[in-house]
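Visitor: I am new to reading protein models and would like a close look at one part. Could you take me slowly through a hairpin and then through what lies around it?

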Amino acid sequence: MTNNLDKQITQTLKKVAGELDQPNFVMPDQVVAYKRKRSRLLGTLVLTVSISCALLLTISVSPTFAAYVKSLFDGSDKELQYAAQEGFSQKVNASVTDRGYTLEIEEILADPMRIVAVYSIKDQQKNFIHPDKLHISNVEVTDLKGNVIKETKTYGIEIQENYGYLTLKKPGETEEQKLLLQFEGNQIDSVKGNWALKIPFDLEKTIKASKVLAIDKTYTTPQGLQINLNSIMHSPTAARVDYETKWTEEAKKRLVQESKQVKGKVDSADPYVRYDDYKLNFHIENEKGEKVKDLTRVLDTPRKAVGEYGHSNRKYGFAPLPPDHQYILVLDSLEKTEPYELGVSFEPKQLAEKPVRVDKDGKTIEIMSVTLDEPLNEASPKNEKHATILLEAYLKDISYINLADTILMDDDTDKIINRFGWTIKDEKGKIYDVTGGDFKMIGKDEQGRNHIRIKLQSYEMKELPQKISLTSELAKKSYDLDWKVPLPMPKEDK
């Protein structure tokens with residue numbers, strides 16, 4: 001590519017990217033299934049989606065894609081724009097027409113981290129149809145033999161006025177460089193039809209441009225979680241740290257003891273040991289201590305089991321790191337689900353005078369109101385009023401509390417292993433399922449406790465009882481950490 005052409009492309013990118021509005025990002029709900037056990041949340045509408053499309057990649061840069069780059073990274077991060085300028089954006093222009101509507105894949109950018117495809121819809125008069133009018137029935141990436149790359153079934157969609165931007169996770173389950181991106185839709189607005197595209201693309205160029213560098217640093221948290229940072233990959237559009245986690249022997253015993261404290265709501269079930277029920281929170285800093293914006297919402301990937309008892313491989317993805325700085329990976333905190341008892345009993349009529357407040361063991365719960373309201377959950381019946389309990393809690397280091405029942409199931413037998421969540425009980429001992437609700441972190445109080453606002457709904461409670469008891473046995477607790485590791489950078493070619 002000549003210097004003059006480089007300048008022309010840069011000017012076009014800047015001009016168009018500055019003129020178009022920023023889109024809203026939409027990430028579909030996801031369900032991650034493990035080999036033996038999985039959890040389900042009652043009262044939650046789960047959107048299951050897949051797509052099929054295939055894109056023949058030729059190297060080019062389009063103003064459309066430049067606008068997408070700016071909007072995704074708020075005009076500050078230039079990784080996708082830079083990758084396009086370097087020749088990694090590939091023009092497609094593959095289309096299919098049915099029932100008077102044309103679905104077109106405009107462009108793709110693919111590397112070992114992610115695959116980004118741009119699509120549009122037009123009617124017979126070539127007018128754009130809003131991308132959210134397309135019902136996507138299947139999305140998947142396969143090799144040339146038709147074998148599905150399962151990791152790419154998880155994706156996000158960003159919507160602009162005329163374009164949809166599909167981001168799939170990296171095809172890490174295969175070493176094949178020639179792949180097929182398949183994209184299928186079965187309805188546009190109210191018109192049902194068949195819009196399917198299948199086009200090949202090639203990762204060879206971006207793989208050659210990617211570097212994997214060893215880190216090999218180990219740390220054990222005070223809670224007994226061993227973390228080994230294996231390596232970092234630098235690709236044209238992102239960077240990713242690969243690491244392993246496992247519990248110490250003492251921590252495993254402690255987790256077993258914790259499981260015995262929480263029986264859940266299935267008395268016949270064995271206690272469930274939460275070896276995998278935790279999350280590590282990272283961020284990246286430059287040498288000045290300034291935080292670098294990351295892309296974990298797009299690049300986060302499910303764990304892969306290496307052994308038993310929570311021993312697994314995990315990955316942390318973020319924006320590419322420009323070579324003009326030094327960078328540090330910072331481990332901020334460990335969030336871990338633990339036994340955590342909360343309970344309050346009250347009479348709804350008491351609330352006419354003032355909220356009901358309970359202070360115990362450094363925890364405070366206030367029942368603000370009990371009303372019959374419209375449903376908060378889309379899956380709940382719309383033609384009924386729902387009993388709604390509004391409570392506020394002040395709790396130390398608690399980052400989340402499950403609202404509705406979480407049902408733990410065995411995949412092989414589809415048998416309920418255990419159930420956890422808030423319990424609502426009246427004065428007669430009747431239990432009402434939580435069928436919806438809302439959890440919001442408000443801030444911190446003067447004691448440094450997290451101020452949390454929770455709404456619990458149940459459409460099973462048709463009228464307010466004389467007395468209500470609320471109990472919860474589990475919460476996600478956050479432990480602050482401060483482990484810092486310098487990140488190796490690829491050497492610039494001379």
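**A hairpin and its surroundings**

Guide: Let us begin with the hairpin in which S15 is joined to S16 through four residues. Please keep in mind throughout that this is a predicted model. The two strands, S15 at residues 225-234 and S16 at residues 239-247, have a loop between them, and Thr237 lies in that loop. Along their length S15 and S16 pair in the antiparallel sense, with nine bridges between them, and one place to look for this pairing is Ile227, whose bridge partner in S16 is Thr245.

Is Thr237, in the loop, buried or exposed? Its relative accessibility is 1%, and residues under 20% are called buried, so Thr237 counts as buried. The side chain of Thr237 also makes a polar contact, at 2.6 Å, with the side chain of Asp111.

Strand S15 has a further partner, because S14, at residues 211-220, is joined to S15 by eight bridges and is thus paired with it under the rule that at least two bridges are needed. These two strands run antiparallel, and if you look for Lys211 you will find that its bridge partner in S15 is His234. S14 and S15 also form a hairpin, this one with four residues between the strands, where Gly224 takes a positive phi near 90°. As for how well S15 is covered, eight of its ten residues are buried, and the strand is mostly covered.

From here we can turn to helix H5, which covers residues 249-261. H5 has 13 residues, and from its first C-alpha to its last it reaches 19 Å, close to the 18 Å expected at 1.5 Å a residue. Which residues of H5 are buried? They are Ala251, Lys252, Leu255, Glu258 and Ser259, and when you look down the axis of H5 these buried residues fall within an arc of 120°, so they line one face of the helix. A general point helps here: an α-helix has 3.6 residues a turn, so residues three or four places apart point the same way. On the other side of H5, by contrast, Glu249, Glu250, Lys253, Lys260 and Gln261 are exposed.

Let us now widen the view to the largest nonpolar core, which has 32 residues, and in which Leu103, Tyr119, Phe183 and Phe201 are those with the most contacts. Several strands give two or more residues to this core, including S4 (89-98), S5 (101-110), S8 (134-143), S12 (178-188) and S13 (191-202), and S5 gives the most, with five residues. There is also a second, separate core, of 30 residues, which includes Leu342, Ile367, Ile398 and Phe439. As a general matter, nonpolar side chains in soluble globular proteins tend to be buried together.

The strands that supply the largest core can be followed pair by pair. S4 and S5 run antiparallel and are joined by eight bridges, with Ser89 standing opposite Leu109 in S5. Two residues lie between these strands in their hairpin, where Arg99 takes a positive phi near 55°. S12 and S13 likewise form a hairpin with two residues between them, and Asp189 in that turn has a positive phi of about 60°. Ten bridges join S12 to S13, which run antiparallel, and Leu181 stands opposite Ile199 in S13.

S12 and S13 belong to an open sheet of four strands, in the order S9-S8-S12-S13, with antiparallel pairing. The edge strands of this sheet are S9 (148-149) and S13, each of which pairs on one side only. Within the sheet, S8 and S12 are joined by nine bridges, and Val139 stands opposite Phe183 in S12.

Finally, there is an open sheet of five strands, in the order S22-S23-S24-S31-S30, again with antiparallel pairing. S22 (356-360) and S30 (436-444) stand at its edges, each with a single partner strand, so one side of each is left without a neighbour in the sheet, and the twist averages 20° from one strand to the next. Inside this sheet, S23 (residues 363-373) and S24 (residues 386-395) pair over nine bridges. Ile365, which is found in S23, has Ala393 as its bridge partner in S24, and at 5% relative accessibility Ile365 counts as buried. Ile365 and Gly343 are 22 residues apart along the chain, and their C-alpha atoms are separated by 8.2 Å.

Notes:
Residues numbered from 1 in each chain as written. Predicted model: local features only at pLDDT ≥ 70, side-chain atom pairs only at ≥ 80, totals over all residues. Heavy atoms only, no water. Core = buried A, V, L, I, M, F, W, Y, C linked by side-chain atoms within 4.5 Å. Buried < 20%, exposed > 50% of the residue type's maximum accessible area, 1.4 Å probe, protein only. Polar contact = N/O pair within 3.5 Å; in protein donor to acceptor, adjacent residues only side chain to side chain. Axes fitted to C-alpha atoms, helices over the stretch in contact; angles between N-to-C directions. Expected span 1.5 Å × (residues − 1). Arc of directions from axis to C-beta.
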